[in-house]
Amino acid sequence: FRSEIPGIKIIAYDHNRDEVYNFVRPMLSDPQTYDFVDMVGVHWYVSTTEGMVHLDQVHTYWPNKTILATEGCEGPGVALGDWGRGEHYGIDMLQDMRHWVSSWTDWNLFLDEQGGPNHVGNYNDAPIILDTKAQKIHFQIPYYYMGHISRWVLPGARRVGSSPEPRLRTNGLPTQPGPIDVVHAAFTGTNEFGVRETVVVLLNDNDVDVPVQMNLVA
């Protein structure tokens, strides 16, 4: 197969984060099947509390296997201008990247005003909504969250350590008691001008201002 299509990459699993470790363990623990798997794909349809631990497990045991977030979407239906759905995108992307995920892909780039088309009536939201009746394009809040993170976390960037560890969220709500915090992740890489730089992406999903102090350690 690889000799006939040498550039092919095989993604294993491609489902929810909570079962990823149990699913890929037989394949990646077996020398006969290990080399057939290039990457591990995960979806976001499970809470960040349950899912992130299993991402860490996969990376700990098989650090050479790339983990990709291959599907996520909000729903049901379309909610124009919903900031909560945008925050959910931002939190999930940052938490995924804090736990060894190297890229994040939406399920749909754009959908119509109903959240389709969909062959089983599973209508959902998307970063771009094409209103076929009004002949209008809506750039949704998740579009801007994805755009902001993509603007600063460029191809080839590497996540670097940052602390304290933000509390995990389920649909934007903290799942652990503790002080008010912000979701964050830090990266180092080369910008579009060829200059090495360190960037920190912050997301304050609280209803109050949160002061932030950053100390860079060489």
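Two residues count as being in contact here when they have heavy atoms within 4.5 Å of each other. With that in hand, valine 20 makes a handy way into this predicted model. Setting aside residues up to four places away in sequence, valine 20 touches Tyr13, Val40, Val42, His54 and Val58. Its place is in helix α1. At a relative accessible area of 1%, valine 20 is buried, because anything under 20% goes by that name. A look across the chain gives some scale: the C-alpha atoms of valine 20 and methionine 146 are 24 Å apart, with their positions 126 residues apart along the chain.

Valine 24 has a similar story to tell. Once its neighbours within four places in sequence are left out, valine 24 is in contact with Tyr13, Val40, Val58 and Trp62. Tyr13, Val40 and Val58 also turn up among the residues that valine 20 touches. Then there is arginine 25, which sits in helix α1, a stretch covering residues 20–29. Arginine 25 is partly exposed, its relative accessible area being 38%. From the C-alpha atom of arginine 25 to that of methionine 214 is 38 Å, and the two residues are 189 apart along the chain.

Now for the nonpolar core. In soluble globular proteins, nonpolar side chains tend to be buried together. In this model, the largest nonpolar core has 35 residues, and Val24, Val58 and Leu94 are the ones that touch the most other members. Helix α4, spanning residues 83–98, gives the most to this core, with five residues.

Stepping back to the whole protein chain, there are five helices and twelve strands. The radius of gyration comes out at 19 Å, close to the 17 Å that the globule rule gives for 218 residues, so the chain is as compact as a globular protein of that length. Along the principal axes, the C-alpha atoms fill a box of roughly 55 × 50 × 40 Å. Of the 218 residues, 42% are buried. Among contacts with a separation of 6 or more, 64% join residues that are 24 or more positions apart.

What does the outside look like? About 12,700 Å² is exposed, and carbon and sulfur atoms supply 56% of that area. As for charge, the protein chain carries 15 positive and 27 negative charges, and the mean positions of the two sets are 6 Å apart.

A few spots in the backbone deserve a mention too. The peptide bond from glycine 75 to proline 76 is cis, with omega near 0 degrees, and proline 76 lies in the loop between β3 (66–71) and α4. Another cis peptide bond runs from glycine 116 to proline 117, this one with omega near 5 degrees. Proline 117 lies in the loop that connects β5 (110–112) and β6 (128–131).

Positive phi angles show up away from glycine as well. Tryptophan 100 is not a glycine, yet its phi is positive, at about 80 degrees. The loop between α4 and β4 (101–104) is where tryptophan 100 lies, and this residue is partly exposed, with a relative accessible area of 38%. Glutamine 135, likewise not a glycine, has a positive phi of about 55 degrees. Its place is in the loop between β6 and β7 (136–139). Glutamine 135 counts as exposed because its relative accessible area of 67% is over 50%.

Definitions and conventions
Residues numbered from 1 in each chain as written. Predicted model: local features only at pLDDT ≥ 70, side-chain atom pairs only at ≥ 80, totals over all residues. Heavy atoms only, no water. Helix = DSSP H or I, 4+ residues; strand = E, 2+ residues; numbered from the N terminus. Rg over C-alpha atoms; globule rule 2.2 N^0.38 Å. Buried < 20%, exposed > 50% of the residue type's maximum accessible area, 1.4 Å probe, protein only. Areas by Shrake-Rupley, 256 points an atom, 1.4 Å probe, with all protein chains shown as cover. Lys, Arg positive; Asp, Glu negative; His and termini not counted. Charge placed at Lys NZ, Arg CZ, Asp CG, Glu CD. Core = buried A, V, L, I, M, F, W, Y, C linked by side-chain atoms within 4.5 Å.
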